[in-house]
Amino acid sequence: MSHPYKEFEPKWFDDDYSDKSYRSIFKWGEKRQIKAPRESLYKMIKDVFELTDDDFKGYTEDLGLDEVDFDIPVKLEEKHITKFREICGDEFVRTDNYARLSVAYGKTMYDIMRLRNKIVENVPDVVAYPDTKEQVEQIVAYCQQEKIPVYVYGGGSSVTRGVECMKGGISLDMRLRFDKVIEFNEKDQTITVQAGMSGPQLEKVLNNAMELFGAKKSLHLRPFPSELRIFLCGRLGGHSRRRSKLYLLRLHFGHRHSPGICNADRPHQNRHLPAQSLRTGSGPDHDGQ
């Protein structure tokens, strides 16, 4: 801790836990990384809520250490799951409990408290891990044809409950494979990447531009987003849609199908804009205004 306590300090939870636990889903950041509050904030919490050090000597709430387990059956017909496996590959389509819950909640306090208390609802029937935009196109087109709800999960930093699969269906988890570089343009200072890449991943790629792309110098994002925590945990697809301040960034959706926004037979093509033209505080203008 950068600011050691001078007086009593609670014993913050910093033990190992299962990668299949509820905690592994709701925790922010790295597995064993914690950010304890400063002593001044701890004292303020005690004063405001009329607590004492005794209230912080042990945990009484569930820490979410149990492995994920619930009884919500998959309602999607097997023929549909088979089709998704044909598109993405058998190992990249899952129906187990952990995979389904891992894409069902965001990062609001309501989400975290539900996970801590093992309250499971609004999970998808199946989770797919697409690798290319063609796979996304095929899945969305098939789901439109068969009237199957489609949801997209990036980094899980949503605070609007937008990732919850209210009607089951399929959730596309972009974290595993949809994170590749498509094009690098040093002159325009733009890089085209798939929407599942995280902010830190992109920063690392740009830092190694000389080795990876033969660039003249190492590059980085400018400016660093003010929403640092979301930048670290979110995915670039989400930053793009909320107009984040990633000025060096042109996200790759290719012929993007954004479920709920674009129809499967009407793909959306992003315009190419050099970094010098992206000077607004709200980031790139995807609407052509």
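Let's start with the cysteines: there are 0 disulfides in this structure, which is a predicted model. No two cysteine sulfur atoms therefore sit within 2.5 Å of each other, the cut-off for calling a disulfide. Two of the cysteines are worth finding on screen. Cys-88 has a relative accessibility of 6%, so it counts as buried. Cys-143 is buried too, with a relative accessible area of 2%. Both values fall in the buried class because that class takes in anything under 20%.

Now go to Arg-32. You'll find it in the loop that runs between helix H1 (23-26) and helix H2 (39-49). How much of Arg-32 is accessible? Its relative accessible area is 47%, so it's partly exposed. Look past the neighbours within four places in sequence, and Arg-32 is in contact with Asp-14, Asp-15 and Asp-16. With Asp-14 there's a specific atom pair to look at: a polar atom of the Arg-32 side chain lies 2.5 Å from the backbone oxygen of Asp-14. Phe-13 gives another way to see how the chain comes back to this spot. Phe-13 and Arg-32 are 19 residues apart along the chain, and their C-alpha atoms are separated by 9.4 Å.

From that loop, carry on into helix H2, where Met-44 lies. Met-44 has 48% relative accessibility, so it counts as partly exposed. What is Met-44 part of at the surface? Together with Leu-41, Val-48, Phe-49 and Leu-51, Met-44 makes a nonpolar surface patch of about 480 Å².

Terms used: Residues numbered from 1 in each chain as written. Predicted model: local features only at pLDDT ≥ 70, side-chain atom pairs only at ≥ 80, totals over all residues. Heavy atoms only, no water. Helix = DSSP H or I, 4+ residues; strand = E, 2+ residues; numbered from the N terminus. Buried < 20%, exposed > 50% of the residue type's maximum accessible area, 1.4 Å probe, protein only. Contact = heavy atoms within 4.5 Å. Polar contact = N/O pair within 3.5 Å; in protein donor to acceptor, adjacent residues only side chain to side chain. Patch = residues over 30% accessible without salt bridge, like charges linked within 9 Å, V, L, I, M, F, W, Y side chains within 5 Å. Areas by Shrake-Rupley, 256 points an atom, 1.4 Å probe, with all protein chains shown as cover. Salt bridge = Lys/Arg side-chain N within 4 Å of Asp/Glu carboxyl O.
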